[in-house]
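Subject: Handover of a protein structure

Dear colleague,

Please find below the structure that I am handing over to you. I would be grateful if you could keep it open while you read the notes that come after it.

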Amino acid sequence: EEEEEDDESYDSLESGTTKTHTLPKYLIDSSSHRGLKPAKITGTVRFRDVSFAYPTRPDNPVFNNFNLEIKAGTTVALVGPSGGGKSTTVGLVERFYDPQHGTISLNGIDLKLINVHYLRSVIGYVGQEPTLFATTIAGNIRYGKPTATMDEVREAAIMANAHDFIMSLPDGYDTQVGDKGGQLSGGQKQRIASKSKWRVTI
């Protein structure tokens, strides 16, 4: 079993009064060596009857019997207003939280059974405005694998649909991206950040 932390309490102000909540025990241990490490992951993600509320807002559920299936090899967009659960879906897939009810699976395996560090290593998250390091394009790509050869760097760029625009630059893979990637457009930075052979990309 994973290590459990003691319950924690915190105070919140509601309608001018102080209300004390007790946080549940935190069971997600990213440093644990326990859990499954499936050799083959195709990327199918399924939410089945998932109910979830954040620990600090237990009376405000985000999901109630939520169902979703994202098949391997497909692209799905979650669209909705602020607070509609888009970011929560990402946090649950990366297992920063566990649902109170229902299951979330990858390749038919409950995420709770998969080693947390391994799970996060096969999931890539590319934000709206990713931050790059002030080095070359090749150097940034190698952060995903420091020992990568130049052939592997090119292969990763091709998979991320970045190779053509990289080669259009005067210095190609030796191009300095500037502080936080300031020399590149937002879309170009996203492609550089999508450099790893992830099984699930968010």
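The notes below go from the overall make-up to the details.

Please bear in mind throughout that this is a predicted model.

Overall make-up

The protein contains 6 helices and 8 strands. Read from the N terminus, these elements follow the order β-β-β-β-α-β-β-α-β-α-α-α-α-β. Of the 202 residues, 37% are buried. Among contacts with a separation of 6 or more, 63% join residues that are 24 or more positions apart. The exposed area of the protein is about 12,600 Å², and carbon and sulfur atoms supply 49% of that area.

Strands S3, S5 and S6

Strand S5 (residues 101–106) is a convenient place to begin. It pairs with strand S3 (residues 45–52) in the antiparallel sense, over 5 bridges. One bridge can be located by its residues: Arg-48 has Thr-103 in S5 as its partner. Strand S5 is also joined to strand S6 (residues 109–110), again antiparallel, by 2 bridges. Here Ser-105 stands opposite Asp-110 in S6. S5 and S6 make a hairpin with 2 residues between them, and Asn-107 in the turn has a positive phi of about 60°.

Aromatic pairs

The whole structure holds 6 aromatic pairs. One of them consists of Phe-47 and Phe-66, which meet edge-to-face at 5.5 Å centre to centre, with 70° between the planes. This pair links distant parts of the chain, since Phe-47 belongs to strand S3 and Phe-66 to strand S4 (residues 63–70), 19 residues apart. Phe-47 is buried, at 2% relative accessibility, whereas Phe-66 is partly exposed, at 23%. Another edge-to-face pair is formed by Phe-52 and Tyr-54, at 5.0 Å centre to centre and 75° between the planes. Why do both Phe-52 and Tyr-54 count as buried? A residue is called buried when its relative accessible area is under 20%; Phe-52 has 2% and Tyr-54 has 17%, so each falls under that limit. In addition, Phe-47, Phe-63 and Phe-66 form one aromatic cluster.

Salt bridges

There are 3 salt bridges in the structure. Glu-69 is bound in one of them to Arg-46, with the closest N and O atoms 2.8 Å apart. Because Glu-69 lies in strand S4 and Arg-46 in strand S3, this pair ties together parts that are 23 residues apart in sequence. Both partners are partly exposed, Glu-69 at 39% relative accessibility and Arg-46 at 24%.

Arg-95 forms a salt bridge with Asp-98, and the closest N and O atoms are 2.8 Å apart. Arg-95 and Asp-98 are both buried.

Arg-154 forms a salt bridge with Asp-151, with 3.2 Å between the closest N and O atoms. These two residues are 3 residues apart in helix H4 (residues 150–159), and therefore about one helical turn separates them. Arg-154 is partly exposed, at 33% relative accessibility, while Asp-151 is exposed, at 56%.

Helix H6

Which residues of helix H6 (residues 186–193) are buried? They are Lys-189, Ile-192 and Ala-193. Seen down the axis of H6, these buried residues fall within an arc of 95°, so they line one face of the helix. The elements that cover them include helix H3 (137–142) and helix H5 (163–168).

Yours sincerely,

A colleague

Key
Residues numbered from 1 in each chain as written. Predicted model: local features only at pLDDT ≥ 70, side-chain atom pairs only at ≥ 80, totals over all residues. Heavy atoms only, no water. Pairing = 2+ DSSP bridges. Helix = DSSP H or I, 4+ residues; strand = E, 2+ residues; numbered from the N terminus. Phe/Tyr/Trp six-rings, centres within 6.5 Å; stacked < 30°, edge-to-face > 60°. Buried < 20%, exposed > 50% of the residue type's maximum accessible area, 1.4 Å probe, protein only. Contact = heavy atoms within 4.5 Å. Areas by Shrake-Rupley, 256 points an atom, 1.4 Å probe, with all protein chains shown as cover. Arc of directions from axis to C-beta. Salt bridge = Lys/Arg side-chain N within 4 Å of Asp/Glu carboxyl O.
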